[in-house]
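Subject: A structure for you to look at

Hi there,

Here is the structure I promised to pass on. Please open it alongside this note, and then read on for what turned up.

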Amino acid sequence: MQDRAPAEWPAELGEVFERAITCEYASLTRAGSPVTVPTTPYLGAGTIDVSTGLTYPAKAERARRNPKVALLFADPIGAGSAPGPVVLVQGHAAVRDADLQANTDRYVRDSMAKLPAATKGQPKFLLRRLAYYYARIWVEVVPQRMSRWPDRNLSEPPQQWSAAADLQLPESDPPPSGRQPPPWLEPPEDWREGAEHALRTLPLADLTFVDADGFPVCLPATAGELIDDELPLRAGPGAPQLSAGPACLTVHGHDSEFTGQENHTFVGTLVDGAVGPRLQVQRALAGWSITGNRVQAAIGFLGKGRRLAPRLKAEAARRAQPVPKVNLR
């Protein structure tokens, strides 16, 4: 598993990155606020890569504007072994969308190899019709700093690694022409109901803020009971100092085979005081969730497709490329 991990990375971390079903991918808005979503990671050539759909490119476009991103590996569900270490990677992102067909071919190949249960039993003729999902933009992350803790409790200071000062950082592909499409999902009107549900039922919560160097910092956190618009938060004693300012809390979970997922992200301002750190929540973001049994999940996925499919041709045209095909073996 570690063959593709560069020799200069800490030796045991290649396997952590390779086997993870999800990591938390944090990028920054134009205003410098972090947005964090669970994303499946893949090892590249000296990079850790995540993807987003061509039809919903916001995660990539944030990284194209500001390449400072973070990846948190702290999700033990379905990783194939007992809970492993928690690793925060902060690095430089390069967006790849100059060859949409190659991107799509890679995503079909790699995602089906890593998450076979997600498509098990589905007929190939149906999968070939899902270009609105399989057409991809890749974000290649070159690690610049890594912090490692034994577990999600962050009970001791991390072991740290930094890349060489002369590390070459790649440029993103040129941005597409025209205007970025609007969000395809509406955020919930009542974020409080979603927050109470998520904190009551989902197993993982991660806090993201921005450090003094302008990088997102994403850490496992424990959220207390919602009080008015504030969520009390606690990170382990080995966590770095929480920085006041723009922040978000991502609450999420999935089954061990990743046939379903539920994600909620709440954004606002991190403040500190006599009673400890708190997130002053401003709103919830729209999230991609697929819940219920396999039939319900399939229906929900196809429902999303009805909204995404019309965007596919337009996004390919913005990049002066044909609509990619879903090529299956």
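Let me start with the sheet around strand 15: strand 14 and strand 15 run antiparallel and are joined by 7 bridges. Two strands count as paired if DSSP finds at least two bridges between them. The strands and helices named here are DSSP runs, numbered from the N terminus, with E and at least two residues for a strand, and H or I and at least four residues for a helix. Within this pair, Val267 stands opposite Arg283 of strand 15. The hairpin that strands 14 and 15 form has 6 residues between the strands, and Gly276 takes a positive phi near 100° there. Strand 15 (residues 278-285) is also joined to strand 12 (residues 230-234), by 3 bridges, and these two run antiparallel as well. Here Leu231 stands opposite Leu279.

Before going further, a word on the source: this is a predicted model, in which local features need pLDDT of at least 70 and side-chain atom pairs count only at pLDDT 80 or more, while totals for chains, interfaces and linings use all residues. Residues are numbered from 1 along each chain as its sequence is written, and side-chain values use heavy atoms, with hydrogens and water left out.

Now to the nonpolar cores. A nonpolar core is a set of buried Ala, Val, Leu, Ile, Met, Phe, Trp, Tyr and Cys residues joined through side-chain atoms within 4.5 Å. Buried means under 20% relative accessible area, exposed means over 50%, and partly exposed lies in between (1.4 Å probe, protein chains only). The largest core has 47 residues, and Phe17, Leu71 and Phe73 have the most contacts inside it. Strand 7 (residues 136-149) gives the most to this core, with 5 residues. A second, separate core has 32 residues, among them Leu154, Ala205, Leu233 and Ala284.

What does Phe17 touch, leaving aside its neighbours within four places in sequence? Its contacts (heavy atoms within 4.5 Å) include Trp9, Pro41, Leu43, Phe73 and Met146.

Helix 2 (residues 58-65) is a good next stop. It is mostly covered, with 6 of its 8 residues buried. Those buried residues are Lys59, Ala60, Glu61, Arg62, Ala63 and Arg64. They pack against several strands, including strand 1 (23-28), strand 5 (68-73) and strand 6 (86-96).

Next, the charged pairs. Side chains of opposite charge can pair when their charged atoms come close. A salt bridge here is a side-chain nitrogen of Lys or Arg within 4 Å of a carboxyl oxygen of Asp or Glu, and by this rule the count comes to 18. Three of them are worth finding on your screen:

- Asp49 and Arg106 form a salt bridge, with their closest N and O atoms 3.0 Å apart. This pair links distant parts of the chain, Asp49 being in strand 4 and Arg106 in helix 3 (residues 100-114), 57 residues apart. Both Asp49 and Arg106 are buried.
- Glu61 and Arg319 meet through their side chains at 3.5 Å, N to O. Glu61 belongs to helix 2 and Arg319 to the segment after helix 7 (294-318), so far along the chain that 258 residues separate them. Both Glu61 and Arg319 are buried.
- Asp211 and Arg145 also meet in a salt bridge, at 3.0 Å, N to O. Asp211 is in the loop between strand 9 (204-210) and strand 10 (216-220), while Arg145 is in strand 7, 66 residues apart from Asp211. Asp211 counts as buried because its relative accessibility is 18%, whereas Arg145 is partly exposed, with a relative accessible area of 24%.

Glu61 and Arg319 also belong to a network of salt bridges that links them with Arg64, Asp97, Glu315 and Arg318.

Asp97 leads on to Gln321, which lies in the segment after helix 7. Is Gln321 buried or exposed? With a relative accessible area of 17%, Gln321 is buried. Its side chain reaches the backbone oxygen of Asp97 at 3.0 Å, and a polar atom of that side chain lies 3.3 Å from the backbone oxygen of Ala98. Leaving aside neighbours within four places in sequence, Gln321 is in contact with Asp97, Ala98, Asp99, Leu100 and Ala316.

One last residue to look up is Ser256, in the loop between strand 13 (245-254) and strand 14 (261-271). Apart from its neighbours within four places in sequence, Ser256 is in contact with Ile21, Ile77 and Gly78. Ser256 and Thr52 are 204 residues apart in sequence, and 21 Å apart in space, C-alpha to C-alpha.

Enjoy exploring, and do write back with any questions.

Best wishes

Definitions and conventions. A polar contact is a pair of N or O atoms within 3.5 Å; within protein, one must be able to donate a hydrogen and the other to accept it, and residues adjacent in sequence count only if both atoms are side-chain atoms.
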